Amino acid sequence: MRLLFLAVLRPHTGNAVTAQRVRAHLEAAGHVCLLRDAFDFESPSEIANLILAENCEAALALHLYRGGRLLQGHRIPFGIIFGGTDVNEDANQKEKNTVMRRVLEEARFAVAFTESMKEMAQAQWPHAKGKIYVQSQGIATTPNAAFNWNTFLQRSEINQSADNLHIFLLICGLRQVKDPLYLVGAFSEWHQEEPNVYLVIVGPEVDPVFTREVKAKVKRAAGVRLIAEMPQGDLHAVVKNCFAVVNSSVSEGMSAAILEAMDLEVPVLARNIPGNAAVVKHEVTGLLFSTPQEFVHLAKRLVSDPALEKEIVTNGKAYVRMYHSWQVERDTYQQLIRKLEGCSED
């Protein structure tokens with residue numbers, strides 16, 4: 001089939017990585033998959049023209065609201081993949097909720113990353129019960145073998161020998177929902193006590209106004225660095241070399257950065273929110289914190305307890321292998337897309 005796939009494709013974000021992975025799964029099954037950025041289109045009529053011009057027989061959208069609303073009423077069957085903000089945020093706004101309900105009525109299937117996301121969606125839109133499937137994100141990491149860690153440290157203005165450093169890595173787009181400033185004050189105080197600990201924030205400048213605020217705060221914070229986005233292979237190499245990966249988001253669908261850290265055998269410290277607690281079991285596959293002070297307490301514990309670190313890393317790797325298989329994800333999407341075959345809807 002010729003498929004139109006709408007997603008938010010800002011480079012180096014979780015959404016873009018997920019969309020590219022799903023496209024690869026569909027193309028491996030012999031489909032032609034036209035991946036387009038939902039933000040490039042203002043209205044469904046522009047999508048109607050694209051469907052005609054490209055002779056698309058079916059469609060898929062990542063994000064019920066951002067992508068799905070553009071697919072309504074085109075008489076071609078479509079499926080959707082929930083984004084984190086769909087059920088955590090957009091569903092709470094009445095107008096958006098109504099649009100999302102209509103999109104779900106028309107969709108042939110919907111994919112949720114977690115059981116809790118499926119339950120939240122079913123509570124919001126009970127009519128969709130039979131068409132929501134759970135498929136966690138499939139993880140495959142590809143660290144760049146040629147990546148130079150010392151050069152990265154110099155670029156980050158960390159002028160200490162790599163041996164004695166503890167780099168905590170926060171990977172996120174600079175927007176409020178990711179809350180990159182949540183730990184900055186507490187971390188900076190800790191760095192002043194222990195100068196070999198650093199927090200490095202890596203990610204694209206998503207929200208320009210908020211980015212200015214982040215840059216200003218980080219500039220004044222000892223032991224905190226801000227680095228621009230980087231290609232995925234380089235980012236995976238940074239993860240592999242750092243001491244731990246941190247997530248301080250206010251809400252998450254399913255953080256690929258957390259799962260990639262587990263796959264690369266690096267410990268994870270994550271804010272205790274539903275999306276994170278779905279993949280991080282406290283003291284088993286990672287550590288969960290509810291305040292910046294608790295983060296520092298747990299981070300210190302991790303630094304001083306190699307046995308805990310080893311246990312978390314071993315369990316995290318086993319968890320990703322068991323529940324986030326790339327091959328299982330491929331099989332699921334190749335099966336689901338068959339629901340779009342056959343007659344187009346009138």
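A polar contact is a pair of N or O atoms within 3.5 Å, where, within protein, one atom must be able to donate a hydrogen and the other to accept it. In this predicted model, such a contact, with a length of 2.9 Å, joins the side chains of Gln137 and Arg21.

Gln137 is placed in the loop that runs between β6 (132–134) and α6 (149–155). Its relative accessible area is 2%, under the 20% limit, and therefore Gln137 counts as buried. Leaving aside residues up to four places away in sequence, the residues that Gln137 touches are Thr18, Arg21, Phe113, Met254, Ala256, Leu259, His324 and Glu329.

The wider setting is the division of the protein into two domains, domain 1 comprising 2–138 + 325–339 and domain 2 comprising 149–324. Their C-alpha centres are 29 Å apart, and the contact between them involves 17 residues of domain 1 and 20 residues of domain 2. The area buried between domain 1 and domain 2 is about 1400 Å², of which 55% lies on carbon and sulfur atoms. On the side of domain 1 that touches domain 2, the residues comprise five nonpolar, nine polar and three charged.

The interactions that the rules find across this interface are listed below.

| Interaction between domain 1 and domain 2 | Number found |
|---|---|
| Salt bridges | zero salt bridges |
| Polar contacts (both residues at pLDDT 80 or more) | five residue pairs |

How values were computed: Residues numbered from 1 in each chain as written. Predicted model: local features only at pLDDT ≥ 70, side-chain atom pairs only at ≥ 80, totals over all residues. Heavy atoms only, no water. Domains from an automatic or database assignment. Contact = heavy atoms within 4.5 Å. Buried area = accessible area lost by both parts, 1.4 Å probe. Salt bridge = Lys/Arg side-chain N within 4 Å of Asp/Glu carboxyl O. Nonpolar A, V, L, I, M, F, W, Y, C, P; charged D, E, K, R; others polar. Helix = DSSP H or I, 4+ residues; strand = E, 2+ residues; numbered from the N terminus. Buried < 20%, exposed > 50% of the residue type's maximum accessible area, 1.4 Å probe, protein only.
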